[in-house]
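User: Hi! I am new to reading protein structures and would like some help. Could we go through one together, feature by feature?

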Amino acid sequence: MTRTNAREILVHLVFELNFKNEPADALLQSLMDQSYYPSLQAETDIYAERPSERQLRYISDSLHGIERERETLDGYIRKYAINWELSRISRVARAIMQVAMYECLHTDDVPVSAAINEAVELTRKYEDEDVVSFVNGILGGFAREVVNA
């Protein structure tokens with residue numbers, strides 16, 4: 001499994017974290033259940049193979065980190081989504097931005113430009129081009145002022 005696929009699985013989990021407000025451990029346990037995980041293959045090809053130990057560690061560490069820092073990450077989204085309420089932003093776009101921002105701040109082996117590019121490509125997969133531009137703008141402002149400061 002590639003890091004890109006692991007990142008997309010992480011976005012799905014962060015979406016669930018925001019939507020269901022279940023603890024990260026419960027989400028990971030249900031997703032990685034030996035009998036449940038194979039059933040996800042019908043949903044999308046990113047579940048075609050199980051994450052390696054390294055990718056599972058990335059998913060787990062990032063999900064727990066995002067759970068801990070959700071308010072801070074949402075604060076950045078609010079700051080750079082000028083004149084937009086968080087409730088008006090799609091849950092998918094929010095999850096993608098939370099993952100990208102967390103990676104920019106806490107994942108040493110992912111360059112900021114790669115985190116943002118991956119976020120933009122993931123947004124393109126799930127949203128229309130207006131949302132892609134919106135996400136790119138928010139992440140660009142975040143990177144310039146927070147990460148590169």
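Analyst: Gladly! Let us start with a term we will need: two residues are in contact when they have heavy atoms within 4.5 Å. Keep in mind that this is a predicted model. Take Thr-44, which is found in the loop between α2 and α3. Leaving aside its neighbours within four places in sequence, Thr-44 touches His-12 and Lys-125.

User: Is Thr-44 buried or exposed?

Analyst: The general idea is a cut-off: a residue is called buried when its relative accessible area is under 20%. Thr-44 has 15% relative accessibility, so it counts as buried. Ser-52 lies in the loop between α2 and α3 too, but its relative accessibility is 34%, so Ser-52 counts as partly exposed.

User: How much of the whole chain counts as buried?

Analyst: Of its 149 residues, 48% fall in that class. Looking at the surface instead, the accessible area of the protein chain comes to about 7800 Å², and 47% of that belongs to carbon and sulfur atoms.

User: Which helices and strands does the protein chain have?

Analyst: There are six helices and zero strands. Reading along the sequence gives the pattern α-α-α-α-α-α. The radius of gyration is 15 Å, close to the 15 Å that the globule rule gives for 149 residues, so the chain is as compact as a globular protein of that length. For its extent, the C-alpha trace spans about 45 × 30 × 25 Å along the principal axes.

User: How do I read contacts for the chain as a whole?

Analyst: Ask how far apart in sequence the partners are. Among contacts between residues at least 6 apart in sequence, 72% join residues at least 24 apart. Ile-66 gives you a single residue to look at. This residue sits in helix α3, and its 0% relative accessibility means that Ile-66 counts as buried. Beyond the neighbours within four places in sequence, the contacts of Ile-66 are Leu-10, Val-14, Leu-17, Leu-73, Gln-98, Val-99 and Tyr-102.

User: What separates the C-alpha atoms of Ile-66 and Pro-51?

Analyst: These two residues are 15 apart along the chain, and their C-alpha atoms are separated by 19 Å. For Ser-52 and Val-112, which are 60 residues apart along the chain, the C-alpha separation is 24 Å.

User: How many aromatic pairs are there, and how do I read one?

Analyst: The count comes to four. To read a pair, look at the ring centres and the angle between the planes: over 60 degrees counts as edge-to-face. The ring centres of Tyr-37 and Tyr-47 are 5.5 Å apart and the planes meet at 75 degrees, so this pair is edge-to-face. Both partners are in the loop between α2 (24-31) and α3 (53-80), ten residues apart. Tyr-37 and Tyr-47 are both buried.

Another pair is Tyr-76 with Phe-142: with centres 5.0 Å apart and planes at 65 degrees, these rings are edge-to-face as well. Tyr-76 belongs to helix α3 and Phe-142 to helix α6 (residues 129-147), so the pair ties together parts 66 residues apart in sequence. Tyr-76 counts as partly exposed at 22% relative accessibility, whereas Phe-142 is buried, with a relative accessible area of 0%.

User: Where do the charges come in?

Analyst: One way to read them is to find the mean position of each sign. Here the mean positions of the 16 positive and 25 negative charges are 3 Å apart.

Terms used:
Residues numbered from 1 in each chain as written. Predicted model: local features only at pLDDT ≥ 70, side-chain atom pairs only at ≥ 80, totals over all residues. Heavy atoms only, no water. Helix = DSSP H or I, 4+ residues; strand = E, 2+ residues; numbered from the N terminus. Rg over C-alpha atoms; globule rule 2.2 N^0.38 Å. Buried < 20%, exposed > 50% of the residue type's maximum accessible area, 1.4 Å probe, protein only. Areas by Shrake-Rupley, 256 points an atom, 1.4 Å probe, with all protein chains shown as cover. Lys, Arg positive; Asp, Glu negative; His and termini not counted. Charge placed at Lys NZ, Arg CZ, Asp CG, Glu CD. Phe/Tyr/Trp six-rings, centres within 6.5 Å; stacked < 30°, edge-to-face > 60°.
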